[in-house]
Amino acid sequence: MNDRFNARKLIVLAGIWVLLLLVPYWMPPLGGYTALGTRVLVLGLAAMSVNFLLGFTGVLSFGHAAYFGLGAYGAGLSLKFLAPSSSLALLLGMLLGGLAGALLGTLIVRRRGVYFAMVTIAFGQVFYYIAFQWSSLTGGDDGLRGFSRQPLDFGLFSIDILSNTDNFYYFVLFCFAIMAAVMGFILRSPFGRTMLAIRENERRARFLGIPVERHIWIAFTLSCFFMGFAGALYALLNNFADPKGLHFTQSGDFVMMAVMGGMRSFWGPLLGAAVFVVLQDYLSSVTVNWMSFVGILFVAVVLFFPRGLLGVIRQKSEA
Amino acid sequence: MTKEILSTEFNRRTVLKTAVAAGAVQIASPFVISARAADAIKIGMVDPLTGVYAAVAQNEVIGARFAVEEINAKGGVLGRPLELLVEDSANDVGTGVQKTRKLIERDQVSFIIGDVNSGIAQAMAQVTAEKKILHVVSGGHTDGITGKDCKWNVFRVCNTTRTEANSVSDILFNKYGKKWHFITPDYAFGHTLQQAGEANLKKLGGTMTGNELTPLGTTDFSAYLIKARAANPDVLLVLPQGSDMVNCLKQIAQFGIDKQIHVAGLQQELESLEAMPPEARVGIWMFEWYWKQPGVPHVEKFVADIRKRSNGKVPTARTWFGFTSVQTYAHVANQEKTLDAVKLAKALGNFQLPDDVKLQPNKCYYRAGDHQLMTSAFVGEALTKPAGDPEDLFRVDQVIAGDKVNPPESDTGCSLQWPA
Amino acid sequence: MLQLLLFNVTNGLIIGAFYVLMALGLSLILNLSNVINFAHGGFLVIGGYIAYTITPYVGFWGALLIAPPLTAIIGLAVERTLIRPLYGRDPLYSLLLTFGLAFIIEDGTRFIWGAQGKPVTVPAILAQPLSNEFFFITGYRLFMVATVAVTVTLLFVLLRYTRLGIRIRAGTLDLETVSALGVNVGLLRSLNFAAGIYLAGLSGVLAAGQLGLEPTMGAGLLMPSFIAIIVGGIGSLTGTLLGGLLIGVASGVTAVFLPAASEAVMYVLMAVVLLIRPRGLLGEEGMMT
């Protein structure tokens with residue numbers, strides 16, 4: 001039984017990776033375009049980072065776009081002012097998002113539930129206003145411009161990820177794979193188990209002597225690091241960073257992706273991101289009233305598929 | 001537990017049905033974005049159809065659609081019909097860039113129009129330049145687009161902020177007085193507009209009593225208005241746009257400030273005036289195009305044609321921007337008998353718009369050096385009481401030719417880099 | 001300078017009064033139902049547009065009376081059909097649902113009334129300053145403050161002295177016990193939700209007289225109310241009242257010295273409050289963690 005279960009898991013995993021690897025080949029014939037695939041990966045990674053906190057620690061942050069946006073600005077500022085290096089940009093973007101998260105986390109971790117959500121939203125908006133107002137540094141409402149991702153230089157050879165969209169897709173996929181691996185590793189570690197314990201029953205965890213606040217703070221900070229990295233990738237994708245990426249509506253989209261895909265599963269948010277991004281891309285080309293459809297999607301998922309797509313599939317297969 | 005699942009199943013189905021029904025209504029509604037034809041030449045438009053610029057963006061789309069209709073009725077471009085694909089940038093740079101890529105990579109459009117938001121327009125220009133696609137910026141005013149960030153493939157129909165300042169400054173100074181106070185939206189567009197106004201004021205020998213920087217999206221202007229009134233200027237220049245301007249002018253009227261200080265501004269739009277109550281419609285402004293131009297050929301027919309397509313609403317400057325953007329492409333492509341972007345961009349230098357496109361008395365052409373359209377400035381006064389037609393909310397006193405108020409090409413900071 | 005400062009404090013109080021009205025509605029719903037109503041700004045817009053639509057027939061005063069209850073009825077319908085199934089579930093779901101609802105409302109108002117902003121004219125008697133010296137105190141602003149004051153007083157009287165109000169307050173503290181005592185909690189929540197939306201609708205009518213009416217206007221007014229609640233402390237309506245006035249004054253005064261920070265100062269205030277007094281100014285201890 002267990003063997004069969006594991007085998008199936010492996011097959012699914014292999015299937016996901018084959019699909020992801022072949023995106024530039026099957027997406028365009030189906031009416032998509034490779035850049036859309038890249039976007040799904042980046043936003044998928046962001047949704048997985050949100051879910052790292054939401055699904056595996058049970059803490060609802062509704063302001064995670066702030067760290068995503070900080071990652072984007074970090075990467076952009078690094079490319080614009082420091083050095084023309086894509087990897088440095090990714091690193092600095094991740095650091096900016098993560099450190100800001102670590103700092104604010106100390107103010108936030110003692111709250112729970114709705115209050116946690118409200119405080120994270122409000123603090124997220126602080127960064128939105130900073131990006132929006134500090135126009136001499138961030139470009140304000142017009143966004144941060146005047147940088148572009150740089151070819152990857154390996155000394156002997158370099159890979160052009162700027163003009164070749166397929167190359168860039170594979171670069172993003174590579175980054176995504178590393179982050180997913182790290183995330184998976186953490187979740188399997190004793191620390192990850194503790195996170196689950198907190199999610200399942202915080203009071204019991206506390207009685208067992210687990211320093212709950214510290215664990216939540218670490219989980220929050222880690223997820224902000226992942227978020228910052230995703231944001232940095234987003235800046236490379238657009239060659240651009242703008243305040244909308246920090247806004248709480250963006251946070252809402254991320255949470256939605258996680259819930260829609262299935263927040264109790266590792267890959268759920270990626271699936272959610274894929275469905276969300278593709279659907280929004282399609283709808284907004286077909287009708288100006290796409291916002292209503294996205295809104296209806298939110299309502300429908302909440303009322304009828306609260307466990308998300310993967311949750312439904314799993315339920316079906318178990319029944 | 002089972003019961004709960006059952007009821008969920010049932011509800012899911014009803015909701016799906018409702019959603020499908022709602023979808024059918026949506027898709028049958030008149031604002032369906034695209035209809036496709038086989039051998040058509042595809043052109044793309046990216047504009048913020050949702051969000052704070054939705055009203056002006058939708059007018060640009062109406063104008064562009066009408067232009068396509070008119071061109072196709074006259075035989076299309078190079079004998080092929082035009083097909084316009086409209087995408088919503090949702091007033092978000094990331095989305096705008098993504099939609100531009102989608103139009104170019106997937107839909108293979110040969111021409112791009114957009115965006116109302118200067119920031120998005122500039123980000124789009126990065127993409128269109130990289131992909132070597134001809135691009136007309138229909139509604140973003142920041143100087144850089146045809147200034148220091150200019151590109152060989154990017155042309156602009158609407159004015160630069162400096163032009164807007166140049167066209168009003170003299171009249172304001174002579175008519176209203178020489179002590180000016182600015183209320184400036186705190187972002188790139190506002191800063192350049194204010195700097196241009198201030199430079200003109202200095203040149204004329206006036207003084208600035210102050211400059212209030214208001215964050216974009218400010219709803220309450222009273223703190224700034226208190227300071228402005230305390231400075232006791234002759235003229236209060238209101239530079240915010242869209243809903244910020246509406247809020248600001250509404251509060252100015254309620255405070256009675258317009259009875260003590262002359263209220264004016266640089267750029268004004270019909271969309272904004274229509275959103276204001278009568279008492280807030282005051283002051284000297286510049287319009288980039290106005291629908292009432294007695295005696296100018298083709299204007300009346302254009303107004304009548306647009307009215308038929310927009311529930312009786314008259315065209316605004318935005319409608320004309322959308323219209324002109326598409327017409328530019330069709331006319332230059334038919335003239336050059338090619339769709340090659342570099343050749344068309346070269347031909348557009350000093351390209352003059354025909355009478356039935358320019359819809360204004362003066363000569364109207366794209367400058368070769370910075371790719372800026374030299375279009376007239378309509379300077380006049382906002383009307384508290386409409387003059388006849390309920391949408392006639394502006395009295396045009398002067399129509400100034402574009403090349404009189406645009407800074408010389410050498411001053412724009414633009415140097416075009418053509419592809420090898 | 002001092003005079004300018006005084007001007008701005010008064011002015012901040014006027015703005016604060018408006019935030020209070022928004023925040024109280026939000027707070028009512030949050031306290032009893034544990035629902036963060038993201039669509040609150042949307043309901044404000046609905047209230048404003050209803051007022052705009054009926055003003056030609058019933059006048060501004062009529063609209064002021066009729067539009068808020070109509071908005072509340074819409075809110076009631078939404079609560080009954082969409083939000084009720086979510087009570088008892090993780091607050092995440094109601095949050096996402098109202099988030100989606102805000103999208104639908106923004107798009108719906110644009111679909112019905114168009115993207116073009118709509119002018120709402122206030123009665124001439126209110127549309128002018130009281131005196132030349134204090135020109136920034138217009139009849140309308142004074143009227144707004146008076147309306148807020150009356151509404152807030154009524155609300156507090158209602159909560160303190162009527163059976164319904166006492167039940168709502170008791171439910172805020174311990175819903176299970178209230179339910180065990182035989183109170184129809186579902187009905188209580190519906191009425192409470194409708195009351196919250198009524199306040200949103202009223203804010204909408206008042207805002208329409210002051211600002212340009214647009215489908216997107218709700219979003220910008222939502223965040224200050226959030227902050228008012230956090231600063232005042234969750235669970236305390238008096239705290240919300242205080243929080244709203246406080247951030248109004250803070251942003252009014254900041255606009256004199258550093259306009260760019262006039263929004264940010266609210267967040268700074270919030271951060272400071274959270275650092276020094278994590279449960280908010282008047283928050284109940286138990287509510288905070």
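Let me start with B:Asn91, which sits in the loop between β2 (82-88) and α3 (93-106) of chain B, and please keep in mind throughout that this is a predicted model. The phi of B:Asn91 is near 55 degrees, a positive value in a residue that is not glycine. Is B:Asn91 buried or exposed? Because 24 C-beta neighbours fall inside 10 Å, B:Asn91 counts as buried.

Chain B has another asparagine to set beside it, namely B:Asn350, which has a positive phi of about 65 degrees although it, too, is not a glycine. B:Asn350 is placed in the loop between α12 (341-348) and α13 (355-358) of chain B, and here the surroundings are of another kind, since B:Asn350 is exposed, with 11 other C-beta atoms within 10 Å.

While we are on the backbone of chain B, I would also point you to the peptide bond joining B:Gly114 and B:Asp115, which is cis, with omega about 15 degrees. B:Asp115 belongs to the loop between β3 (111-113) and α4 (118-131) of chain B.

Now to the domains. Chain B is assigned a domain 1, made up of 33-159 + 293-375, and a domain 2, which covers 162-287. Taken over C-alpha atoms, the centres of domain 1 and domain 2 of chain B are separated by 29 Å. The contact between them takes 13 residues from domain 1 of chain B and twelve residues from domain 2 of chain B. On the domain 1 side, the elements that give two or more residues are α2 (54-73) and α11 (317-336) of chain B, and α2(B) gives the most, with three residues. That side of domain 1 divides into five nonpolar, six polar and two charged residues.

Let me turn next to the sheet in chain B, an open one of seven strands with mixed pairing, in the order β7-β6-β8-β9-β10-β13-β14. Which strands stand at its edges? They are β7 (207-214) and β14 (394-400) of chain B, and because each has a single partner strand, one side of each is left without a neighbour in the sheet. From one strand to the next, the twist averages 25 degrees.

Within this sheet, β8 (residues 235-238) and β9 (residues 262-267) of chain B pair in the parallel sense over three bridges, and B:Leu237 has B:Ala264 in β9(B) as its bridge partner. Helix α5 (residues 161-176) of chain B packs on the sheet, where it touches β8, β9, β10 (284-287), β13 (377-382) and β14 of chain B, and its direction makes about 155 degrees with that of β10(B). Helix α8 (residues 242-255) of chain B also packs on the sheet, touching β6 (179-185), β8 and β9 of chain B, with a direction at about 150 degrees to that of β8(B).

Finally, the contacts between chains. Chain A brings 33 residues to its contact with chain C, which brings 36 residues. On the chain A side, α6 (113-133), α12 (248-261) and α14 (290-304) of chain A each give two or more residues, and α6(A) gives the most, with twelve residues. This side divides into 23 nonpolar, seven polar and three charged residues.

Turning to chain B, 28 residues of chain A are in contact with 34 residues of chain B. Here the elements of chain A that give two or more residues are α3 (34-54), α13 (268-286) and α14, with α14(A) giving the most, at five residues. By class, this side of chain A has ten nonpolar, twelve polar and six charged residues.

Technical notes:
Residues numbered from 1 in each chain as written. Chains lettered and ligands numbered in written order. Predicted model: local features only at pLDDT ≥ 70, side-chain atom pairs only at ≥ 80, totals over all residues. Helix = DSSP H or I, 4+ residues; strand = E, 2+ residues; numbered from the N terminus. Buried ≥ 20, exposed ≤ 12 C-beta atoms within 10 Å, placed from the backbone. Contact = placed C-beta atoms within 7 Å. Nonpolar A, V, L, I, M, F, W, Y, C, P; charged D, E, K, R; others polar. Domains from an automatic or database assignment. Pairing = 2+ DSSP bridges. Axes fitted to C-alpha atoms, helices over the stretch in contact; angles between N-to-C directions.
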